[in-house]
Structure formats: C-alpha cells, structure tokens
2 protein chains.
Amino acid sequence: GYSQFPRSRQGLAGAPEWASLKAMLPDLRGKRVLDLGSGFGAFCRFAVEAGAAEVVGVDLSEKMIASAKERGPGLPIRYEQADLETYVPQAGAYDVVFSSLAVHYLSDFDAFARKVSDGLVPGGAFVFSMEHPIFAARGEPEWLEADGKRVFALSDYAREGERVTNWVVEGIVKYHRKMSTMVTALLVAGFVIDAMDEWAPSQDDLKAMPGLADEIIRPMLLLMAAHRPDQEH
Amino acid sequence: GYSQFPRSRQGLAGAPEWASLKAMLPDLRGKRVLDLGSGFGAFCRFAVEAGAAEVVGVDLSEKMIASAKERGPGLPIRYEQADLETYVPQAGAYDVVFSSLAVHYLSDFDAFARKVSDGLVPGGAFVFSMEHPIFAARGEPEWLEADGKRVFALSDYAREGERVTNWVVEGIVKYHRKMSTMVTALLVAGFVIDAMDEWAPSQDDLKAMPGLADEIIRPMLLLMAAHRPDQEH
C-alpha cells in the first residue's frame with residue numbers, strides 16, 4: 001500500500017520534489033497553516049519545526065491520521081478527518097494552505113479553489129503539488145517506442161474528468177484537468193499566480209535515484225504557488 | 001509554403017483559435033498596439049478595425065511585410081522589418097503587445113518577456129499564442145497506437161532548447177520550453193498572469209474542421225494573457 005513508498009517511509013526526504021515545493025513556501029514562523037490531504041503528517045510536522053503558530057491537517061483516512069499522530073506524539077498539530085470534496089476551511093483563518101498530491105482526487109477543483117481562497121487571510125498563500133495533467137492523461141501502456149526511442153503515450157489530453165487507474169489499488173478514481181483549467185480555476189477564485197514548476201530531476205537527483213530518468217520524458221508532478229491579493233481588484 | 005495555410009489565406013477567420021485569443025484581448029479603442037511577428041498583417045488590420053490609435057507590426061520577413069502592406073493599402077499601420085530576437089520595443093510606448101505563433105522561434109524567451117514588459121505602459125497587456133510545449137516535444141513519429149487507440153508520442157518534455165523540425169520547410173529551428181518555464185519567465189519579467197488556454201476544438205469546430213480531432217489527443221496551441229501591474233510590488 002501507500003505506506004511502503006519512500007515518501008511515506010522517509011517523509012519529506014523521500015519525496016524528490018520536496019526541495020522545490022519547500023522553496024515556494026513563505027516563511028512559516030508564527031503562521032496559521034492548513035494542510036489539506038495531510039496523509040502521514042510529514043508536512044504538518046515540518047510546519048511545527050518551521051515555527052508555525054497553528055497547524056491543522058485534514059485527511060479522509062482515519063488510518064493515516066492515526067499513523068500521523070503516532071509519528072508526532074505531543075506535537076501541537078490538530079488533525080481532522082474529512083473529505084476534501086466537502087470540507088470547508090474556516091473563513092480567513094489561515095495564512096498558508098498547503099496540499100500535496102491530493103487535488104487530482106477532487107471532482108470539483110473550481111469549488112475547492114474558492115474554498116481555499118475563502119479560508120486564507122488577504123495576502124495568504126496556497127502552495128500545492130498534484131499529479132501532472134500530462135501524467136494523468138497517459139495511454140495504456142504508458143510507454144512506447146518511436147524510432148527506437150522511449151516515448152510517453154499521451155491520450156486524450158483535452159478530455160477532462162474521471163480517469164480510473166489500477167495503480168497500487170484497483171479502481172482508484174482521479175480527475176484529469178488540463179494545466180490551463182487549473183490555472184483558470186485559481187484565477188477565477190481570485191488568486192494571483194506566483195510560481196509553477198513542472199518538476200523534473202536535476203543531475204544530482206538522477207544520480208541518487210536513477211529511476212527518475214522517466215521524469216525527463218514526461219512530467220509526473222506539477223507544483224504551484226498562488227496567493228490571495230491584499231486588496232480585491 | 002506558409003502562404004497556403006488557411007490561416008494565411010483567410011486571415012484570422014482561418015485560425016480556429018482566434019476566437020479564444022480575441023477574447024483575451026482588452027478593448028483596443030484608442031490603444032497603441034504592437035504586433036510581434038505580424039506575418040501577413042491580419043492582426044494589425046484587425047487592430048485598426050477595432051479602433052486602435054496606433055498599430056506597429058514587426059516581422060523578420062520582408063516578403064511577408066510586403067504582402068501585409070498589399071493586403072491593407074492605405075491603412076494606418078507601420079511595419080518594421082526586424083528579428084524579434086534582438087528587437088527592442090520603445091520603452092513604455094504600448095498599451096497592448098500581441099504575438100501570434102512566434103515566440104517558439106526565440107532562443108531567449110526570458111529576455112523577450114523583459115523587453116515586452118519594458119515596452120508596455122503600467123497596466124498594459126501582453127497577449128500571445130505559441131506552439132504548445134507538448135506539441136513541441138513530440139517524438140518521431142508523432143502518432144502511435146496504444147492498445148488500439150491513437151496516442152501522441154511525447155519525447156523528452158523536460159529537455160529544453162533547440163528542436164529542429166522538417167515541417168513545410170526543412171531544418172526549421174524552434175525552441176522548446178516547458179509550460180512552467182514560460183510562466184516563470186513572465187513572472188520574473190514582472191507580469192501578472194491573467195489567462196491561459198491550451199486550445200482545443202469545440203464540438204462546432206470539429207464539425208466544421210474534422211481534421212482538428214487530433215487536437216483532443218494533444219494540444220498544439222497555447223494561448224496566454226498577462227499584464228504589467230499598475231504599480232511595482
């Protein structure tokens with residue numbers, strides 16, 4: 001299951017994109033931080049270490065929340081069990097909303113972006129990662145050869161909506177949305193776009209984890225940062 | 001050659017993405033408009049019709065500029081022959097900078113974005129289309145089959161830089177940049193992102209031009225709008 005992945009076993013250090021995502025975060029000292037899709041709690045624990053004044057982690061899985069609590073006993077983190085599809089953060093209660101690899105499970109990202117925006121103070125930041133839309137729109141099989149070269153099969157990129165995958169667990173439902181649909185949803189929700197990274201491994205990453213070579217062929221992760229402007233335009 | 005394409009023969013009406021790109025433009029009445037890569041002048045003529053106060057078109061090709069002048073004799077459009085790679089717009093001289101399908105020929109988009117920003121008045125808009133980075137990173141052949149389904153071969157998306165194609169004319173040099181590299185260049189140049197559209201045909205487009213069906217599988221065009229903020233942050 002999920003708990004066997006390097007990112008689950010080793011926490012943030014096991015996630016090769018973490019350094020890039022971390023660089024998109026504002027200084028967390030004294031901040032109220034909400035982690036949507038907190039999983040085993042690695043980011044919540046990081047936020048506490050980074051000096052956040054308040055940390056709330058929300059996850060659908062009671063099992064993951066239980067495991068997150070075991071991994072950081074006594075830490076000032078509040079975990080809530082809730083479905084992100086229907087969860088509504090308290091209005092204007094957070095300085096930073098973070099979300100790692102969760103939003104591609106949501107059927108309605110437009111509504112989610114609005115709720116995140118409402119949950120932030122003016123000037124507040126939304127930093128998140130997701131499965132890259134290119135990866136989400138993969139064919140079966142994903143890998144083919146063109147003229148002797150390993151290539152990635154892109155399938156119906158413009159067909160948005162439900163895509164069922166059989167990765168790790170059978171019948172996992174994810175929602176494919178184009179990059180531009182994600183950006184548009186953030187803009188419509190009132191966000192200002194601050195950063196976008198279609199994560200790819202560096203030469204050092206490739207030396208440490210040769211299996212990442214496929215990430216050069218197609219991106220698997222999309223990282224974004226945006227903020228709610230100080231005054232509405 | 002290029003002059004045989006619908007978009008060249010029929011002008012903007014022959015470009016299926018035009019309606020979407022037009023929707024990203026501000027009201028052009030009374031505006032000073034610069035078109036970078038003006039080709040046969042279709043957009044310059046549109047800007048005049050739309051009430052622009054001043055229209056300047058820049059293109060590398062003397063032949064295209066000559067043809068553009070023939071197509072709109074007597075119109076208040078000034079054409080300049082120049083290489084966009086080195087062209088520097090007059091500082092703060094324009095309200096709107098437009099560019100259609102040109103920036104993927106530029107080796108240095110970072111510098112270009114800065115020059116466009118400098119050429120705009122505060123509040124001024126930059127609206128452009130380009131070959132979509134997914135299309136630019138295609139394998140050879142571009143089309144393959146996965147499990148009986150037509151798929152697009154994506155090749156080394158994260159490998160940016162020169163890509164030589166043999167489409168229409170042999171040995172055309174284009175520059176592949178990731179979507180996130182484009183967005184980052186705009187942000188670094190001081191732009192605020194206003195819109196992004198990975199253009200795909202509507203059902204009506206598909207009826208009128210069935211050949212556009214491949215655009216569902218992979219995007220060929222990326223449209224973006226951004227503006228220079230009123231005051232620097």
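**View 1. Strands S4 and S5 of chain A pair in parallel.** Six bridges join strand S4 (residues 94-100) of chain A to strand S5 (residues 120-131) of chain A. Ser100(A) finds its bridge partner in S5(A) at Ser129(A). The model shown here and in the other views is predicted.

**View 2. Seven strands of chain A make an open sheet.** The strand order is S3-S2-S1-S4-S5-S11-S10. Pairing within this sheet of chain A is mixed. Strand S3 (77-81) and strand S10 (192-198) of chain A stand at the edges. Each has a single partner strand, so one side of each is left without a neighbour in the sheet. From one strand to the next, the twist averages 15 degrees.

**View 3. Helices H3 and H7 of chain A pack on the sheet.** Helix H3 (residues 42-49) of chain A touches strand S1 (32-36), strand S2 (54-59), S3 and S4 of chain A. The direction of H3(A) makes about 175 degrees with that of S2(A). Helix H7 (residues 179-188) of chain A touches S5, S10 and strand S11 (221-227) of chain A. Here the angle is about 155 degrees, taken between the directions of H7(A) and S10(A).

**View 4. Helix H3 of chain B is mostly covered.** Seven of the eight residues in H3(B) (residues 42-49) are buried. They are Ala42(B), Phe43(B), Cys44(B), Arg45(B), Phe46(B), Ala47(B) and Val48(B). These buried residues pack against three helical and strand neighbours named here among others: helix H2 (18-24), helix H4 (62-71) and strand S4 (94-100) of chain B. Strand S1 (32-36), strand S2 (54-59) and strand S3 (77-81) of chain B also pack against them. Gly51(B) follows the helix, and its phi is positive, near 95 degrees.

**View 5. A right-handed β-α-β crossover links S2(B) to S3(B).** S2(B) and S3(B) run parallel and are joined by five bridges. In S3(B), Glu80(B) is the bridge partner of Val58(B). Between the two strands, the chain crosses through H4(B).

**View 6. Chains A and B are related as by a two-fold rotation axis.** A turn of 180 degrees, with a shift of 0.0 Å along the axis, lays chain B on chain A. The RMSD is 0.0 Å. The two copies are thus related as by a two-fold axis. In chain B, the C-alpha of Ala153(B) is nearest the axis, 2.6 Å from it. Of the interface residues of chain B, 100% are also interface residues in chain A, so the copies meet through the same surface.

Conventions. Residues are numbered from 1 along each chain as its sequence is written. Chains are lettered from A and ligands numbered from 1 in the order in which they are written. This is a predicted model: local features need pLDDT of at least 70, side-chain atom pairs count only at pLDDT 80 or more; totals for chains, interfaces and linings use all residues. Side-chain values use heavy atoms; hydrogens and water are left out. Buried means under 20% relative accessible area, exposed over 50%, partly exposed in between (1.4 Å probe, protein chains only). Helices (H or I, at least four residues) and strands (E, at least two) are DSSP runs, numbered from the N terminus. Contact means heavy atoms within 4.5 Å. Two strands pair if DSSP finds at least two bridges between them. Axes are lines fitted to C-alpha atoms, for helices over the stretch in contact, and angles run from 0 to 180 degrees between N-to-C directions. Copies are superposed by least squares on the C-alpha atoms of residues with pLDDT of at least 70 in both. A crossover is right-handed if, with the strands pointing away from the viewer, the path from the first strand over the helix to the second runs clockwise.
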